[in-house]
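Visitor: Could you take me through the empty spaces in this model, and then the aromatic rings? I'd like a close look rather than a quick tour.

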Amino acid sequence: MTTTFSVEPGGSLRGDLRVPGDKSISHRSIMFGALAEGRTRVSGFLDGEDCLATLVAFQAMGVPIERRERHTLIIDGVGLHGLREPQTPLDMGNSGTAMRLMCGVLAGQPFDSVLVGDASLGRRPMRRVTDPLAEMGARIDTGENGTPPLHVHGGQRLRGRRHTLSVASAQVKSALLLAGLWSDGETCVTEPAPTRDHTERMLLGFGYDLHRDGRRTCLQGGGRLTGRAVEVPADMSSAAFFLVGGSIAEGSDLLLRHVGVNPTRTGAIDILRLMGASIEIREPREIGGEPVADLHVRSAPLRGVRIPPELVPLAIDEFPALFVAAACAEGETVLAGAEELRVKESDRIQVMADGLSALGVRCEVLPDGIRIQGRGILDAGTVSSHGDHRVAMSFAMAALRARGSIVIRDCDNVATSFPDFAGLAARAGLEIRST
(Lines give C-alpha, C1' and ligand atoms only; values in the text may rest on other atoms or scores of the structure.)
Protein backbone atom coordinates (compact mmCIF):
# COMPACT_ATOMS: atom_id res chain seq x y z
CA MET A 1 0.00 0.00 0.00
CA THR A 2 1.21 3.51 -0.79
CA THR A 3 0.07 6.88 0.50
CA THR A 4 -2.65 8.65 -1.48
CA PHE A 5 -3.71 12.29 -1.16
CA SER A 6 -7.36 13.15 -1.82
CA VAL A 7 -7.97 16.90 -2.08
CA GLU A 8 -11.37 18.55 -2.34
CA PRO A 9 -11.77 21.49 -4.73
CA GLY A 10 -11.77 25.19 -3.89
CA GLY A 11 -11.08 27.03 -0.68
CA SER A 12 -8.30 29.42 0.24
CA LEU A 13 -5.13 29.44 2.31
CA ARG A 14 -4.97 31.69 5.33
CA GLY A 15 -2.95 32.00 8.50
CA ASP A 16 0.53 32.34 9.93
CA LEU A 17 2.79 29.29 9.62
CA ARG A 18 6.33 28.02 9.32
CA VAL A 19 7.31 25.27 6.91
CA PRO A 20 10.06 22.76 7.86
CA GLY A 21 13.77 23.50 7.84
CA ASP A 22 15.77 23.81 4.64
CA LYS A 23 16.75 20.39 3.33
CA SER A 24 19.93 21.50 1.57
CA ILE A 25 21.22 23.30 4.66
CA SER A 26 20.19 20.43 6.96
CA HIS A 27 22.23 17.94 4.89
CA ARG A 28 25.26 20.21 4.92
CA SER A 29 24.99 21.02 8.63
CA ILE A 30 25.47 17.32 9.44
CA MET A 31 28.34 16.92 6.98
CA PHE A 32 30.28 19.99 8.10
CA GLY A 33 29.49 19.44 11.78
CA ALA A 34 30.81 15.87 11.50
CA LEU A 35 34.00 16.98 9.71
CA ALA A 36 34.66 19.90 12.05
CA GLU A 37 36.75 19.89 15.21
CA GLY A 38 34.62 20.50 18.29
CA ARG A 39 30.88 20.63 18.88
CA THR A 40 28.21 21.83 16.46
CA ARG A 41 24.64 22.55 17.56
CA VAL A 42 22.03 22.52 14.78
CA SER A 43 18.59 24.02 15.43
CA GLY A 44 15.68 23.96 12.99
CA PHE A 45 16.93 20.67 11.49
CA LEU A 46 14.62 19.05 8.93
CA ASP A 47 13.81 15.60 10.31
CA GLY A 48 12.64 14.27 6.96
CA GLU A 49 13.80 10.90 5.69
CA ASP A 50 16.42 12.34 3.33
CA CYS A 51 18.29 14.24 6.04
CA LEU A 52 17.94 11.40 8.54
CA ALA A 53 19.70 9.15 6.00
CA THR A 54 22.68 11.55 6.04
CA LEU A 55 22.62 11.58 9.85
CA VAL A 56 22.66 7.77 10.07
CA ALA A 57 25.48 7.55 7.50
CA PHE A 58 27.79 9.73 9.60
CA GLN A 59 26.87 7.86 12.76
CA ALA A 60 27.89 4.69 10.91
CA MET A 61 31.29 6.32 10.32
CA GLY A 62 31.82 6.96 14.01
CA VAL A 63 30.48 10.49 14.47
CA PRO A 64 28.57 11.04 17.76
CA ILE A 65 25.27 12.76 16.86
CA GLU A 66 22.57 13.28 19.49
CA ARG A 67 19.00 14.39 18.80
CA ARG A 68 18.15 16.59 21.79
CA GLU A 69 14.73 17.57 20.50
CA ARG A 70 12.88 16.86 17.27
CA HIS A 71 14.63 19.67 15.38
CA THR A 72 17.90 20.00 17.35
CA LEU A 73 21.14 18.07 16.86
CA ILE A 74 24.36 18.00 18.84
CA ILE A 75 27.28 16.84 16.68
CA ASP A 76 30.71 16.13 18.18
CA GLY A 77 32.88 16.47 15.10
CA VAL A 78 35.79 14.13 14.44
CA GLY A 79 37.74 16.43 12.12
CA LEU A 80 38.64 15.93 8.48
CA HIS A 81 40.65 12.79 9.24
CA GLY A 82 38.53 11.16 11.93
CA LEU A 83 35.87 9.23 10.01
CA ARG A 84 35.89 5.44 10.44
CA GLU A 85 35.16 2.76 7.87
CA PRO A 86 31.43 1.87 7.82
CA GLN A 87 30.66 -1.81 8.31
CA THR A 88 27.71 -1.83 5.90
CA PRO A 89 26.73 0.13 2.75
CA LEU A 90 25.60 3.70 3.44
CA ASP A 91 21.94 4.00 2.47
CA MET A 92 21.08 7.47 1.12
CA GLY A 93 17.40 6.61 0.70
CA ASN A 94 15.85 8.96 -1.87
CA SER A 95 18.42 11.74 -1.59
CA GLY A 96 20.45 12.62 -4.66
CA THR A 97 21.95 15.56 -2.75
CA ALA A 98 23.28 13.29 -0.02
CA MET A 99 24.70 10.72 -2.43
CA ARG A 100 26.44 13.22 -4.69
CA LEU A 101 27.92 15.26 -1.83
CA MET A 102 29.00 12.09 -0.03
CA CYS A 103 31.02 11.15 -3.12
CA GLY A 104 33.14 14.23 -2.47
CA VAL A 105 33.52 13.41 1.23
CA LEU A 106 34.32 9.72 0.75
CA ALA A 107 36.71 10.19 -2.19
CA GLY A 108 39.34 11.52 0.22
CA GLN A 109 39.03 8.85 2.92
CA PRO A 110 41.55 6.05 3.59
CA PHE A 111 38.82 3.36 3.55
CA ASP A 112 36.47 1.87 0.97
CA SER A 113 32.74 2.57 1.15
CA VAL A 114 29.56 1.79 -0.78
CA LEU A 115 26.63 4.16 -1.37
CA VAL A 116 23.17 2.78 -2.09
CA GLY A 117 19.66 4.22 -2.26
CA ASP A 118 16.03 3.42 -2.94
CA ALA A 119 14.63 2.41 -6.34
CA SER A 120 14.20 6.03 -7.46
CA LEU A 121 17.73 7.06 -6.47
CA GLY A 122 19.05 3.90 -8.10
CA ARG A 123 17.96 5.28 -11.49
CA ARG A 124 19.59 8.71 -11.15
CA PRO A 125 22.81 9.58 -13.04
CA MET A 126 25.98 9.86 -10.98
CA ARG A 127 28.72 10.21 -13.59
CA ARG A 128 28.24 13.96 -13.63
CA VAL A 129 29.91 13.77 -10.18
CA THR A 130 32.11 10.69 -10.44
CA ASP A 131 33.78 11.73 -13.72
CA PRO A 132 35.15 15.10 -12.52
CA LEU A 133 36.12 13.50 -9.20
CA ALA A 134 38.09 10.91 -11.18
CA GLU A 135 40.02 13.77 -12.78
CA MET A 136 41.13 14.68 -9.23
CA GLY A 137 42.34 11.11 -8.62
CA ALA A 138 39.24 9.56 -7.06
CA ARG A 139 38.17 6.00 -7.89
CA ILE A 140 34.42 5.52 -7.83
CA ASP A 141 32.74 2.59 -9.57
CA THR A 142 29.13 3.05 -10.71
CA GLY A 143 26.48 0.68 -11.95
CA GLU A 144 26.31 -0.24 -15.63
CA ASN A 145 24.46 2.95 -16.63
CA GLY A 146 26.36 5.31 -14.36
CA THR A 147 23.80 4.85 -11.60
CA PRO A 148 24.07 3.61 -7.99
CA PRO A 149 25.26 1.62 -6.19
CA LEU A 150 28.58 3.46 -5.98
CA HIS A 151 31.78 1.84 -4.74
CA VAL A 152 34.21 4.49 -3.51
CA HIS A 153 37.79 3.23 -3.28
CA GLY A 154 39.71 4.73 -0.38
CA GLY A 155 43.38 5.56 -0.10
CA GLN A 156 43.56 7.63 -3.30
CA ARG A 157 45.73 10.72 -3.51
CA LEU A 158 43.55 13.61 -4.64
CA ARG A 159 44.93 16.55 -6.59
CA GLY A 160 43.37 19.98 -6.77
CA ARG A 161 42.05 20.88 -10.20
CA ARG A 162 40.30 23.70 -12.06
CA HIS A 163 36.82 22.53 -13.07
CA THR A 164 34.55 24.30 -15.55
CA LEU A 165 31.06 22.84 -15.27
CA SER A 166 28.92 22.42 -18.37
CA VAL A 167 25.70 22.12 -16.33
CA ALA A 168 24.69 24.45 -13.51
CA SER A 169 24.52 22.05 -10.54
CA ALA A 170 25.02 22.93 -6.88
CA GLN A 171 25.38 19.22 -6.11
CA VAL A 172 28.30 18.74 -8.51
CA LYS A 173 29.95 21.98 -7.40
CA SER A 174 29.62 21.01 -3.75
CA ALA A 175 30.99 17.50 -4.26
CA LEU A 176 34.09 18.89 -5.97
CA LEU A 177 34.67 21.52 -3.28
CA LEU A 178 34.27 18.88 -0.59
CA ALA A 179 36.82 16.64 -2.30
CA GLY A 180 39.09 19.67 -2.44
CA LEU A 181 39.34 19.63 1.37
CA TRP A 182 41.50 16.48 1.10
CA SER A 183 43.31 17.43 -2.12
CA ASP A 184 46.84 18.60 -2.74
CA GLY A 185 46.84 22.18 -3.97
CA GLU A 186 43.97 24.36 -5.09
CA THR A 187 40.53 23.25 -6.26
CA CYS A 188 38.49 25.73 -8.33
CA VAL A 189 34.98 25.32 -9.68
CA THR A 190 33.51 27.64 -12.32
CA GLU A 191 29.79 27.25 -12.99
CA PRO A 192 27.90 28.38 -16.12
CA ALA A 193 25.18 30.09 -14.06
CA PRO A 194 24.72 30.85 -10.35
CA THR A 195 23.43 27.95 -8.25
CA ARG A 196 22.65 27.68 -4.55
CA ASP A 197 25.73 28.58 -2.52
CA HIS A 198 24.98 26.96 0.85
CA THR A 199 28.22 24.94 0.70
CA GLU A 200 30.35 28.04 0.22
CA ARG A 201 28.54 29.93 2.99
CA MET A 202 28.85 27.00 5.36
CA LEU A 203 32.53 26.48 4.63
CA LEU A 204 33.15 30.10 5.56
CA GLY A 205 30.93 29.77 8.64
CA PHE A 206 32.94 26.77 9.83
CA GLY A 207 36.13 28.80 9.44
CA TYR A 208 37.47 27.40 6.16
CA ASP A 209 39.11 29.91 3.86
CA LEU A 210 37.85 30.12 0.28
CA HIS A 211 37.83 32.70 -2.47
CA ARG A 212 34.85 33.60 -4.64
CA ASP A 213 35.17 35.61 -7.83
CA GLY A 214 31.92 35.80 -9.76
CA ARG A 215 31.00 32.26 -10.75
CA ARG A 216 34.33 30.76 -9.67
CA THR A 217 35.02 29.39 -6.20
CA CYS A 218 38.48 28.23 -5.08
CA LEU A 219 39.91 26.64 -1.95
CA GLN A 220 43.18 25.08 -0.82
CA GLY A 221 43.25 21.59 0.60
CA GLY A 222 44.64 20.80 4.02
CA GLY A 223 42.68 23.27 6.17
CA ARG A 224 40.41 22.62 9.12
CA LEU A 225 36.79 23.19 10.10
CA THR A 226 35.71 24.41 13.54
CA GLY A 227 32.38 23.49 15.14
CA ARG A 228 29.74 26.20 15.51
CA ALA A 229 26.04 26.82 16.02
CA VAL A 230 23.87 26.44 12.91
CA GLU A 231 20.30 27.73 12.67
CA VAL A 232 18.45 26.21 9.72
CA PRO A 233 15.87 28.55 8.13
CA ALA A 234 12.55 27.35 6.72
CA ASP A 235 12.91 25.77 3.29
CA MET A 236 12.15 27.96 0.26
CA SER A 237 11.33 24.84 -1.77
CA SER A 238 8.68 23.83 0.79
CA ALA A 239 7.38 27.39 1.07
CA ALA A 240 6.93 27.46 -2.74
CA PHE A 241 3.88 25.18 -2.57
CA PHE A 242 2.15 27.65 -0.26
CA LEU A 243 3.30 30.65 -2.33
CA VAL A 244 1.64 29.07 -5.36
CA GLY A 245 -1.44 27.96 -3.44
CA GLY A 246 -1.86 31.38 -1.86
CA SER A 247 -1.51 33.04 -5.26
CA ILE A 248 -4.03 30.93 -7.16
CA ALA A 249 -6.79 30.51 -4.52
CA GLU A 250 -9.17 33.45 -4.22
CA GLY A 251 -9.30 35.04 -0.78
CA SER A 252 -5.94 33.67 0.34
CA ASP A 253 -3.84 35.66 2.83
CA LEU A 254 -0.87 33.74 4.22
CA LEU A 255 2.26 34.64 6.18
CA LEU A 256 5.21 32.23 5.96
CA ARG A 257 7.74 32.74 8.75
CA HIS A 258 11.55 32.62 8.78
CA VAL A 259 12.01 31.45 5.17
CA GLY A 260 15.50 31.28 3.74
CA VAL A 261 15.78 33.91 0.99
CA ASN A 262 19.31 33.20 -0.17
CA PRO A 263 19.49 34.99 -3.57
CA THR A 264 20.50 31.70 -5.22
CA ARG A 265 17.16 30.22 -4.09
CA THR A 266 14.59 32.96 -4.75
CA GLY A 267 13.93 32.30 -8.43
CA ALA A 268 10.43 31.01 -7.62
CA ILE A 269 9.49 34.33 -6.01
CA ASP A 270 10.85 36.25 -9.00
CA ILE A 271 8.95 34.06 -11.47
CA LEU A 272 5.68 34.28 -9.54
CA ARG A 273 6.03 38.06 -9.34
CA LEU A 274 6.57 38.19 -13.11
CA MET A 275 3.29 36.31 -13.39
CA GLY A 276 1.56 38.94 -11.26
CA ALA A 277 1.70 37.32 -7.81
CA SER A 278 1.40 39.44 -4.68
CA ILE A 279 4.37 38.36 -2.54
CA GLU A 280 5.84 40.75 0.01
CA ILE A 281 9.23 40.11 1.64
CA ARG A 282 9.03 41.30 5.25
CA GLU A 283 11.74 41.88 7.85
CA PRO A 284 14.74 40.62 5.88
CA ARG A 285 17.57 39.62 8.18
CA GLU A 286 20.61 37.35 8.35
CA ILE A 287 20.82 34.29 10.58
CA GLY A 288 24.08 32.34 10.71
CA GLY A 289 25.27 33.64 7.35
CA GLU A 290 21.99 32.92 5.51
CA PRO A 291 19.42 35.60 4.51
CA VAL A 292 15.99 35.02 6.09
CA ALA A 293 12.64 36.82 5.81
CA ASP A 294 8.90 36.45 6.36
CA LEU A 295 6.87 36.07 3.15
CA HIS A 296 3.34 37.48 2.86
CA VAL A 297 1.35 36.10 -0.06
CA ARG A 298 -2.18 37.08 -1.12
CA SER A 299 -4.28 35.83 -4.01
CA ALA A 300 -3.78 37.62 -7.32
CA PRO A 301 -4.66 37.00 -10.98
CA LEU A 302 -1.71 35.36 -12.73
CA ARG A 303 -0.66 35.63 -16.37
CA GLY A 304 1.51 33.35 -18.44
CA VAL A 305 5.14 34.33 -19.04
CA ARG A 306 8.24 33.20 -20.87
CA ILE A 307 10.53 32.28 -17.98
CA PRO A 308 13.87 34.16 -18.19
CA PRO A 309 16.76 31.73 -18.61
CA GLU A 310 18.78 33.34 -15.82
CA LEU A 311 16.05 32.38 -13.31
CA VAL A 312 15.94 28.70 -14.26
CA PRO A 313 18.82 27.45 -12.03
CA LEU A 314 17.52 29.63 -9.18
CA ALA A 315 14.15 27.83 -9.15
CA ILE A 316 15.09 24.35 -10.33
CA ASP A 317 13.40 22.51 -7.44
CA GLU A 318 10.30 24.68 -7.45
CA PHE A 319 9.19 24.12 -11.05
CA PRO A 320 6.56 21.46 -10.32
CA ALA A 321 4.71 24.02 -8.18
CA LEU A 322 5.34 26.76 -10.76
CA PHE A 323 3.82 24.54 -13.47
CA VAL A 324 0.61 24.47 -11.42
CA ALA A 325 0.70 28.27 -11.22
CA ALA A 326 1.13 28.38 -15.01
CA ALA A 327 -1.85 26.06 -15.47
CA CYS A 328 -4.00 28.44 -13.39
CA ALA A 329 -2.74 31.58 -15.15
CA GLU A 330 -4.21 33.44 -18.11
CA GLY A 331 -2.22 32.75 -21.28
CA GLU A 332 0.84 30.71 -22.17
CA THR A 333 3.89 29.97 -20.04
CA VAL A 334 7.08 28.70 -21.68
CA LEU A 335 10.09 27.17 -19.94
CA ALA A 336 13.32 26.26 -21.75
CA GLY A 337 16.87 25.44 -20.64
CA ALA A 338 15.71 23.15 -17.83
CA GLU A 339 17.16 19.76 -18.87
CA GLU A 340 18.08 19.22 -15.22
CA LEU A 341 14.40 18.59 -14.44
CA ARG A 342 14.54 15.32 -16.37
CA VAL A 343 17.01 13.73 -13.90
CA LYS A 344 15.39 14.64 -10.59
CA GLU A 345 13.40 12.15 -8.46
CA SER A 346 11.35 11.72 -11.63
CA ASP A 347 11.39 13.23 -15.11
CA ARG A 348 9.57 16.25 -13.73
CA ILE A 349 8.83 17.72 -17.15
CA GLN A 350 7.07 14.61 -18.43
CA VAL A 351 5.43 13.63 -15.14
CA MET A 352 3.99 17.11 -14.59
CA ALA A 353 2.83 17.31 -18.21
CA ASP A 354 1.06 13.96 -17.89
CA GLY A 355 -0.64 15.01 -14.68
CA LEU A 356 -1.70 18.43 -15.94
CA SER A 357 -3.07 16.85 -19.13
CA ALA A 358 -5.17 14.53 -16.96
CA LEU A 359 -6.62 17.67 -15.35
CA GLY A 360 -7.53 19.19 -18.71
CA VAL A 361 -4.50 21.44 -19.24
CA ARG A 362 -2.87 21.60 -22.68
CA CYS A 363 0.88 21.05 -22.49
CA GLU A 364 3.65 20.63 -25.03
CA VAL A 365 6.75 18.86 -23.78
CA LEU A 366 9.99 20.34 -25.10
CA PRO A 367 13.41 18.64 -25.00
CA ASP A 368 14.55 21.05 -22.28
CA GLY A 369 11.27 22.45 -20.97
CA ILE A 370 7.54 22.76 -21.43
CA ARG A 371 4.84 24.97 -22.91
CA ILE A 372 1.68 25.28 -20.76
CA GLN A 373 -1.59 26.84 -21.89
CA GLY A 374 -3.15 28.32 -18.77
CA ARG A 375 -6.87 27.75 -18.36
CA GLY A 376 -7.67 29.17 -14.92
CA ILE A 377 -9.84 26.29 -13.69
CA LEU A 378 -8.67 22.67 -13.76
CA ASP A 379 -10.72 19.50 -14.12
CA ALA A 380 -11.10 16.86 -11.44
CA GLY A 381 -8.95 13.79 -11.91
CA THR A 382 -6.46 11.25 -10.66
CA VAL A 383 -2.72 11.69 -11.16
CA SER A 384 0.41 9.82 -10.12
CA SER A 385 3.39 11.52 -8.51
CA HIS A 386 5.65 8.66 -9.68
CA GLY A 387 7.18 8.69 -6.21
CA ASP A 388 8.28 12.33 -6.50
CA HIS A 389 7.54 14.35 -3.36
CA ARG A 390 7.49 17.72 -5.10
CA VAL A 391 5.11 16.51 -7.80
CA ALA A 392 2.74 15.15 -5.15
CA MET A 393 2.61 18.40 -3.16
CA SER A 394 2.22 20.51 -6.30
CA PHE A 395 -0.85 18.62 -7.48
CA ALA A 396 -2.34 18.88 -3.99
CA MET A 397 -2.26 22.68 -4.33
CA ALA A 398 -3.81 22.42 -7.81
CA ALA A 399 -7.10 21.37 -6.19
CA LEU A 400 -7.55 24.95 -4.97
CA ARG A 401 -8.48 25.80 -8.58
CA ALA A 402 -10.22 22.58 -9.62
CA ARG A 403 -13.85 21.80 -10.49
CA GLY A 404 -13.76 18.58 -8.48
CA SER A 405 -11.56 16.39 -6.31
CA ILE A 406 -7.97 15.62 -7.26
CA VAL A 407 -6.51 12.30 -6.17
CA ILE A 408 -2.70 11.97 -6.11
CA ARG A 409 -1.24 8.48 -5.91
CA ASP A 410 2.19 7.28 -4.77
CA CYS A 411 2.86 10.01 -2.20
CA ASP A 412 5.05 8.08 0.25
CA ASN A 413 8.14 10.14 -0.54
CA VAL A 414 6.58 13.39 0.68
CA ALA A 415 8.08 12.35 4.02
CA THR A 416 11.58 12.79 2.56
CA SER A 417 11.31 16.58 2.62
CA PHE A 418 8.03 17.63 4.29
CA PRO A 419 6.90 15.06 6.88
CA ASP A 420 3.70 16.89 7.97
CA PHE A 421 2.73 18.47 4.66
CA ALA A 422 -0.87 17.25 4.76
CA GLY A 423 -1.37 18.41 8.35
CA LEU A 424 0.12 21.87 7.83
CA ALA A 425 -1.73 22.36 4.52
CA ALA A 426 -5.01 21.35 6.21
CA ARG A 427 -4.45 23.88 9.00
CA ALA A 428 -3.95 26.56 6.33
CA GLY A 429 -7.26 25.63 4.67
CA LEU A 430 -6.55 22.93 2.07
CA GLU A 431 -9.18 20.19 2.14
CA ILE A 432 -6.73 17.30 2.06
CA ARG A 433 -6.90 13.73 3.30
CA SER A 434 -3.98 11.30 3.42
CA THR A 435 -4.77 7.59 3.24
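Guide: Here is a walk through the pockets, then the cavities, then the rings.

Keep in mind that this is a predicted model. Let's start with the open spaces. The largest pocket holds about 520 Å³ of space. Its lining runs to 36 residues, and those nearest the centre are Ala168, Ser169, Ile316, Glu340 and Lys344. Three helices each put at least two residues into that lining: α1 (23-35), α3 (96-107) and α5 (170-180). Of the elements, α1 gives the most, with three residues. Sort the lining of the largest pocket by class and you get 15 charged, 11 polar and 10 nonpolar residues.

Now for the second largest pocket, with about 220 Å³ of space. Here 16 residues make up the lining, and Arg18, Val19, Pro20, Gly21 and His71 sit closest to the centre. The class split for this second pocket is eight nonpolar, three polar and five charged.

On to the closed spaces. Counting those of 30 Å³ or more, there are two cavities. The largest cavity has about 90 Å³ of space. Around it you'll find Ile25, Arg201, Met202, Arg228, Val230, Glu231, Pro233, Ile287, Gly288, Gly289 and Glu290. Helix α6 (198-205) and strand β14 (229-231) each bring at least two residues to this lining. By class, the lining of the largest cavity has five nonpolar, two polar and four charged residues. While you're at Arg228, one of the lining residues of that cavity, look towards Phe206: Arg228 lies over the face of the Phe206 ring, 5.8 Å from the ring centre.

The second largest cavity has about 30 Å³ of space. Its lining is made of Ile271, Met275, Ile307, Leu322, Phe323, Ala326, Thr333 and Leu335. Two elements, α9 (319-327) and β18 (330-335), give two or more residues each. Helix α9 gives the most to the lining of this second cavity, with three residues. The class split here is seven nonpolar and one polar, with no charged residues.

Phe323, part of that lining, leads us to the rings. The whole structure has seven aromatic pairs. In one of them, the ring centres of Phe319 and Phe323 are 6.0 Å apart and the planes meet at 35°, so the pair counts as tilted. The two residues are four apart in helix α9, which means about one helical turn separates Phe319 from Phe323. Phe319 has 0% relative accessibility, so Phe319 counts as buried. Phe323 is at 3% relative accessibility and therefore counts as buried too.

A second example is the pair of Phe418 and Phe421, which is edge-to-face, with 5.4 Å from centre to centre and 75° between the planes. Phe418 is buried, because its relative accessible area is 1%. Phe421 is at 1% relative accessibility, so Phe421 counts as buried as well. Step back a little and these two rings belong to one aromatic cluster, made up of Phe5, Phe241, Phe242, Phe418 and Phe421.

Methods: Residues numbered from 1 in each chain as written. Predicted model: local features only at pLDDT ≥ 70, side-chain atom pairs only at ≥ 80, totals over all residues. Heavy atoms only, no water. 1 Å grid on protein atoms, 1.4 Å probe; cavity = no way out; pocket = protein on both sides within 12 Å on 5 of 7 lines; lining within 4 Å. Points joined across faces, edges and corners; volume = space filled by probe spheres on them. Nonpolar A, V, L, I, M, F, W, Y, C, P; charged D, E, K, R; others polar. Phe/Tyr/Trp six-rings, centres within 6.5 Å; stacked < 30°, edge-to-face > 60°. Buried < 20%, exposed > 50% of the residue type's maximum accessible area, 1.4 Å probe, protein only. Lys NZ or Arg CZ within 6 Å of the ring centre and 35° of its normal.
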